[in-house]
Each structure stands twice: as C-alpha cells, then as structure tokens.
Amino acid sequence: MKIYDREGTPNAARIRIVLAEKGLEDQIEFVSVDLIRAEQKQPAFLAMNPIGKIPVLELDDGTVISESTAITEYLDNLDGNPTLTGKTPREKGLIHMMQRRVEMMVLEAIDDYFHYGTPGLGKALRPWRMPDWSGAKEWGERRGAQAVQNMPYFNDILAKKPFVAGDAFSLADISLWAALAFADAIGLPIAPELTALAAWRSKVSDIPAVKNRSGQAILPEDLARFGA
Ligand SMILES: N[C@@H](CCC(=O)N[C@@H](CS)C(=O)NCC(=O)O)C(=O)O
C-alpha cells in the first residue's frame with residue numbers, strides 16, 4: 001500500500017497515528033507530496049483525489065481512498081478488529097458523531113485560520129483557494145477565534161469522560177489531538193483554564209502510537225526555505 005502525504009501536517013499525523021496503533025507501518029510506502037509547490041493541485045494528483053489534498057491511500061490493486069476518516073475506516077477494519085472506529089452499531093455511531101464534531105468545530109476552523117489568517121502554505125496556492133483574496137485574512141482570523149471558542153465544549157466532555165467518544169481511545173481522539181497540535185504550532189494554544197482538555201492531551205500524547213509525534217504545521221521557515 002502507498003500513502004501520499006506530507007509528514008508534519010495534521011491529516012498526515014492522523015493517519016500515521018492510525019498506522020502505528022494498528023501495527024501497519026511496515027506495510028506502507030510513503031510518497032511525499034510537495035504541498036508548497038502545489039503538487040496536490042496538478043493533474044496527476046487530482047486524478048487520484050479531485051479535492052487536491054493529502055492524505056491519499058493507494059491499495060496494491062490500484063484502488064484509491066482519500067479523506068482521512070475513510071482511510072482510517074479501511075485500515076481499522078483490515079484485521080477484522082476495528083478498535084478506532086467502533087465495533088458495535090452504538091460505538092460506530094458515537095465515534096462518527098464525535099469525530100465529525102471535532103472536525104467541524106475545531107480542525108476545519110483551525111485549518112481555515114492557517115490558510116487564510118496566516119501565510120499558510122504560501123501564495124502559490126491562493127488561486128485554488130479563492131478567486132479574490134480581499135477579506136481573506138479577516139475571515140481566517142474569525143475562523144481561528146471560532147476554533148478557540150469551541151475548545152471548552154471538548155473540555156467539558158473530557159471533564160466527565162476519559163476519551164472524546166466515551167471510555168476508549170478512538171478516531172475522535174486522534175482527530176482532536178491532531179487539531180490541537182496543529183493549533184498550538186500556529187499560535188492557538190489551549191487556554192489555561194481548560195484543564196481537562198490539557199490533561200487529556202498529555203494522556204493521549206503518552207499513548208505509544210502518538211508519543212513523540214509532532215503536530216507541527218508547515219511554518220513560515222518552511223515557506224522561506226521554498227521561497228514561497
Ligand atoms: N478532509 C480532508 C482534509 C485534508 C487536508 O486538509 N489536507 C491538507 C494537509 S493536512 C492538505 O492537503 N492541504 C493542502 C491544500 O489544501 O492544498 C481529510 O480529512 O483528509
């Protein structure tokens with residue numbers, strides 16, 4: 001199997017955690033995609049994923065699966081023991097719901113802040129993002145504020161439950177961990193009063209599949225290096 005991604009980005013981190021948790025790392029060939037030079041927007045990549053984003057999983061028979069959640073579902077079910085996306089209908093429903101809340105309330109808002117409120121991946125990608133860039137920065141900043149405003153929701157959940165979707169570590173935790181690591185890297189840390197969220201994050205950071213993984217984004221230094 002091949003995974004097209006760019007190490008250090010939040011969605012690549014999600015899949016790499018899943019691979020480690022499922023013991024599948026040695027079955028994957030990683031292909032690095034040059035996001036700053038917009039390789040993900042070129043015809044060869046768009047033929048695999050018309051959305052123009054990493055990660056993409058390519059199976060040995062040529063089947064292509066994109067979207068981190070879909071890739072996770074595939075990988076999680078390979079051994080017939082889906083520990084990350086739920087075994088029972090109840091578990092599946094709750095994990096799906098909570099992970100989607102994480103994406104909508106935090107991850108996607110942080111992503112918008114990164115791409116519109118900061119230099120993001122550089123100017124080369126702007127034509128694929130918005131035809132007219134005026135007002136983009138303000139909108140991006142509002143999305144960042146929205147992500148920060150939504151963090152207490154997860155703090156309240158984690159004050160009552162050990163993990164985002166209940167008693168067990170799941171895709172919902174992986175998504176929230178990656179979102180918060182990304183947020184931290186671009187200057188949106190967890191507020192000090194959100195103690196349950198911070199405690200949950202340090203607990204999840206100690207899980208072997210997560211340990212020592214950074215949620216760093218592509219930072220201004222990278223852009224400068226690539227002259228973007
Ligand atoms: N919904 C997608 C989001 C993927 C995504 O946003 N990928 C980012 C990297 S973390 C990307 O490819 N960014 C490059 C771009 O937007 O051009 C998923 O869950 O896989």
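How much space lies in the largest pocket? About 620 Å³. Keep in mind as you click around that this is a predicted model.

**Stop 1: the largest pocket**

Select Asn11, Lys53, Ile54, Pro55 and Asp111 to get your bearings: of the 28 residues that line the largest pocket, these are the closest to its centre. Next, colour helix 1 and helix 4 (89-117), the elements that give two or more residues to the lining of this pocket. Helix 4 puts in the most, with seven residues. If you colour the lining by class, expect 11 nonpolar, eight polar and nine charged residues.

**Stop 2: the ligand**

Now show the ligand. Where does the ligand sit? The space it takes is the largest pocket, so you're already looking at the right spot. Bring up the shell around the ligand, which holds 14 residues, with Gln40, Ile54, Glu67, Ser68 and Arg129 coming nearest. By class, this shell splits into four nonpolar, five polar and five charged residues. Select helix 1 (residues 10-21) once more: it gives the most to the shell, with three residues.

Time to check a few atom pairs around the ligand:

- Glu67: an N or O atom in its side chain is 2.7 Å from a nitrogen atom of the ligand.
- Ile54: here a polar backbone atom is 2.8 Å from a nitrogen atom of the ligand.
- Ser68: a polar side-chain atom lies 2.8 Å from an oxygen atom of the ligand.

Switch on a surface after that. On its own, the ligand has 510 Å² of accessible area, and the protein covers 90% of it.

**Stop 3: two backbone spots**

Go back to Ile54, and this time include its neighbour Pro55. Is the peptide bond that joins Ile54 and Pro55 cis or trans? It is cis, with omega at about 5°. Pro55 is in the loop between helix 2 (43-48) and strand 3 (56-58). Recall that Ile54 is among the residues nearest the ligand, and that both Ile54 and Pro55 are among those closest to the centre of the largest pocket.

Then pick Ala38, in the loop between strand 2 (29-32) and helix 2. Its phi is near 65°, a positive value in a residue other than glycine. For context, most residues other than glycine have a negative phi, and most peptide bonds are trans.

**Stop 4: the second largest pocket**

Select Leu94, Ile95, Ala165, Gly166 and Asp167. These lie nearest the centre of the second largest pocket, which is lined by 19 residues. Helix 4 and helix 6 (136-160) are the elements that give two or more residues to this lining. About 380 Å³ of space lies here. Which element gives the most to the lining of this pocket? Helix 4 again, with five residues. The lining of the second largest pocket has nine nonpolar, four polar and six charged residues.

**Stop 5: the cavity**

One last thing to look for. Rolling a probe the size of a water molecule over the atoms shows where empty space is left. How many cavities of 30 Å³ or more does a search of the whole structure find? One. Its volume is about 70 Å³. To frame this cavity, select His115, Thr118, Pro119, Gly120, Leu121, Gly122, Leu125, Arg126, Arg129 and Trp133, the residues that line it. They divide into four nonpolar, four polar and two charged. Leave Arg129 highlighted for a moment: this residue lines the cavity, and Arg129 is also one of the residues that come nearest the ligand.

Technical notes:
Residues numbered from 1 in each chain as written. Predicted model: local features only at pLDDT ≥ 70, side-chain atom pairs only at ≥ 80, totals over all residues. Heavy atoms only, no water. Near = heavy atom within 4 Å. Polar contact = N/O pair within 3.5 Å; in protein donor to acceptor, adjacent residues only side chain to side chain. Areas by Shrake-Rupley, 256 points an atom, 1.4 Å probe, with all protein chains shown as cover. 1 Å grid on protein atoms, 1.4 Å probe; cavity = no way out; pocket = protein on both sides within 12 Å on 5 of 7 lines; lining within 4 Å. Sits in = over half its atoms within 2 Å of the grid points. Helix = DSSP H or I, 4+ residues; strand = E, 2+ residues; numbered from the N terminus. Nonpolar A, V, L, I, M, F, W, Y, C, P; charged D, E, K, R; others polar. Points joined across faces, edges and corners; volume = space filled by probe spheres on them.
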